[in-house]
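Welcome, and thanks for taking a look at this one with us. Please have the sequence and the 3D view open side by side as you read.

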Amino acid sequence: MKQQIPGPLVTIVLDGVGEIDRTEGNAVKLAHAPLYNHLRASSRFTTLLAHGKAVGLPSDADMGNSEVGHNALGSGQIYDQGAKLVNDAIESGAMFAGSVWRQLVDRVLRNDATLHFFGLLSDGNVHSHIDHLIAMLRRAASEGVTKARVHALLDGRDVGGTTAQIYLKQMEEVLAVLSEQGRDFRIASGGGRMTITMDRYEADWAMVERGWNHHVHGKGRTFPSALEALETLREETPGIIDQNLPGFVIADEQGPVGPMRDGDCVICFNFRGDRAIEMSRAFDEGDSFTYFDRGTKPDVLYAGMMQYDGDLPSPDHYLVGPPNITDTLTEFLVPEKVQMFAISETQKYGHVTYFWNGNRSGKVDERYETYMEIPSDRVSFDQRPWMKAAEITDALISALASGTYRYLRVNYANGDMVGHTGNLDAAITAMACLDIQLQRLLAAIKKANGVALITADHGNCDEMFELDKKTGQPKRETDGSIKPKTSHTLNRVPFIVYDPHGHVKGGLKDDPSFGIANIAATTVELLGFEAPKRWCPSLLV
Ligand code: 3PG
Ligand code: CO
């Protein structure tokens with residue numbers, strides 16, 4: 001039902017705040033969050049799907065993530081996402097029949113050079129999947145490539161916190177088999193994903209510089225093998241989780257085994273863009289690149305698994321076409337001259353801008369879109385679980401008071417970024433901090449005669465313990481302590497309509513198949529428009 005609320009509409013994304021009845025290990029339930037609990041009990045409230053097929057992932061066993069979640073929120077549609085598109089391109093053979101794969105392999109063969117791969121070594125299926133890497137290595141070998149190097153970023157964030165040995169062993173086995181018959185396929189460098197290479201939104205270019213030096217120049221602390229590096233680095237910092245491990249370089253008697261040389265080719269096997277763009281720019285850009293000193297840049301051909309940003313565009317070469325996300329909420333509201341405001345802190349800034357607009361970092365129309373980024377701290381966020389929630393709220397309150405904007409959107413990063421540290425106490429504090437800021441924000445929305453839609457892109461801090469699938473009980477470390485969970489969850493997410501003046505007509509439809517892609521249609525209806533037919537239907541009766 002189309003209806004027009006008189007004041008502004010605000011979408012509030014509580015990143016990583018899922019819904020589940022269990023209290024144990026659930027920071028959402030354990031936190032002192034009187035406002036959130038009151039809203040759940042007294043407003044229009046339901047829960048929505050935010051994982052698996054409801055957001056375009058290959059299967060319902062795939063947890064949600066911020067990329068697919070914000071794509072769904074911002075487009076009102078469900079697209080096959082990177083994980084699925086790459087699976088399909090490998091299965092059908094389209095990836096290997098494509099011109100970019102041919103160029104890469106031909107160049108390596110012509111130059112008798114090395115094919116390098118770097119990316120996140122796990123089966124998290126958020127940024128990458130180890131199976132994609134294995135398929136490419138096997139194919140390269142079958143096409144005559146004799147020398148390949150893997151630069152392995154250790155996960156512990158989309159998978160269990162200390163699981164890197166599983167993926168490294170699997171990789172070593174695959175490489176050993178491929179190295180028979182005169183090939184030379186090896187791991188050359190690596191490190192924790194939150195320490196090297198995988199920065200995002202230019203939060204910390206020094207991470208990318210460290211990654212560049214390890215992967216490209218073979219400069220870093222050396223070890224005889226990746227598994228030995230892992231063992232030593234873990235021993236040196238007891239309790240460290242994989243994502244925070246320092247970088248390492250593999251060396252033999254002749255020195256580092258895999259510096260990149262003129263004539264080589266490089267593939268980033270991550271399909272998700274936010275944490276791949278900066279390294280892609282370091283490879284693709286010429287002398288105009290000033291973020292760090294790359295030293296002597298080898299003459300390599302670089303390709304990403306996907307196009308990571310459709311507006312930059314980046315990278316210059318990619319193996320699989322990205323989801324072609326069109327008819328987004330922003331594209332709908334611009335011709336209607338709706339003034340929009342988007343805000344978050346650095347860690348999630350691109351989520352409410354670039355992911356929201358279908359992986360495009362530019363604006364549809366400058367005249368109707370205002371973006372604001374609050375710089376994030378550069379720490380592990382269990383050390384500062386409040387993050388920039390207060391500063392974001394200050395800015396939002398001013399934006400509301402200005403009377404300029406009819407549609408505002410915000411992402412609060414706390415539930416997710418603190419959730420990823422595995423620190424339950426910090427996550428509980430994060431939720432309590434959020435509640436205080438929500439109190440301030442909702443008061444300002446009430447004053448502006450507005451309405452808010454409160455939701456999340458996926459779960460995370462709602463389950464801070466790893467659970468045994470069979471017993472449902474928390475898993476234990478060898479010392480008896482509970483095993484912290486650092487990754488997202490498969491849980492549903494909240495959808496709350498905050499409507500202090502009773503402007504919204506009708507209740508919420510009760511359909512368990514609805515997901516976060518249904519929110520865009522709800523949004524435009526409340527702004528007085530009819531939602532496009534191709535969008536998922538509105539949640540309002
Ligand atoms: C990350 O990149 O931090 C995680 O892999 C996924 O988290 P996000 O999808 O919430 O950004
Ligand atoms: Co996350």
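The notes below go through a metal site, two pockets and one aromatic residue.

**The metal site**

Please keep in mind that this is a predicted model. Let's begin with the cobalt ion (ligand 2), whose protein donors are Asp416, giving two OD atoms, together with His420 and His488, each through NE2. These donors lie 2.1 to 2.3 Å from the ion. Written as a sequence pattern, the spacing of the donor residues is D-x3-H-x67-H. Distant parts of the chain are linked here: Asp416 belongs to helix α15 (residues 414-419), whereas His488 sits in the loop between β15 (451-455) and β16 (493-498), and the two are 72 residues apart. Both Asp416 and His488 are buried.

What is the geometry of the site of the cobalt ion (ligand 2)? It is irregular, with angles of 58 to 169° among 6 donor atoms. For six donors to count as octahedral, opposite ones must be over 155 degrees apart and all others between 65 and 115. The angle of 58° falls outside those ranges, so the irregular label follows.

**Two pockets**

Here are the two pockets, side by side.

| Pocket | Volume | Lining residues | Lining by class |
|---|---|---|---|
| Largest pocket | about 1,300 Å³ | 48 residues | 16 nonpolar, 19 polar, 13 charged |
| Second largest pocket | about 380 Å³ | 21 residues | 7 nonpolar, 7 polar, 7 charged |

If you would like to find the largest pocket on screen, the lining residues nearest its centre are Val159, Gly160, Glu466, Lys485 and Ser487. Its lining takes at least three residues from each of domain 1 (9-80 + 324-526) and domain 2 (83-320).

For the second largest pocket, look for Met194, Asn244, Arg378, Val379 and Ser380, the lining residues closest to its centre. Where does the second largest pocket lie with respect to domain 1 and domain 2? Both domains give residues to its lining, so the pocket lies between them.

**Phe292**

One more stop: Phe292, which is found in the loop between α11 (277-284) and β10 (301-306). Is Phe292 buried or exposed? With a relative accessible area of 7%, Phe292 is buried, because the cut-off for that label is under 20%. In sequence, Phe292 and Trp205 are 87 residues apart, while in space their C-alpha atoms are 7.5 Å apart.

How values were computed
Residues are numbered from 1 along each chain as its sequence is written. Chains are lettered from A and ligands numbered from 1 in the order in which they are written. This is a predicted model: local features need pLDDT of at least 70, side-chain atom pairs count only at pLDDT 80 or more; totals for chains, interfaces and linings use all residues. Side-chain values use heavy atoms; hydrogens and water are left out. Donors are N, O and S atoms within 2.8 Å of the metal (3.2 Å for Na, K and Ca); water is not among the atoms, so sites may look incomplete. Four donors count as tetrahedral if all angles lie between 85 and 135 degrees; four count as square planar and six as octahedral if opposite donors are over 155 degrees apart and all others between 65 and 115; anything else is irregular. Helices (H or I, at least four residues) and strands (E, at least two) are DSSP runs, numbered from the N terminus. Buried means under 20% relative accessible area, exposed over 50%, partly exposed in between (1.4 Å probe, protein chains only). On a 1 Å grid over the protein atoms alone, a cavity is a set of points where a 1.4 Å probe fits but cannot get out, and a pocket is an open set with protein on both sides within 12 Å along at least five of seven lines; lining residues have an atom within 4 Å of a point. Grid points are joined across faces, edges and corners, and a volume is the space filled by probe spheres set on the points. Ala, Val, Leu, Ile, Met, Phe, Trp, Tyr, Cys and Pro count as nonpolar, Asp, Glu, Lys and Arg as charged, and the others, Gly among them, as polar. Domain bounds come from an automatic or database domain assignment.
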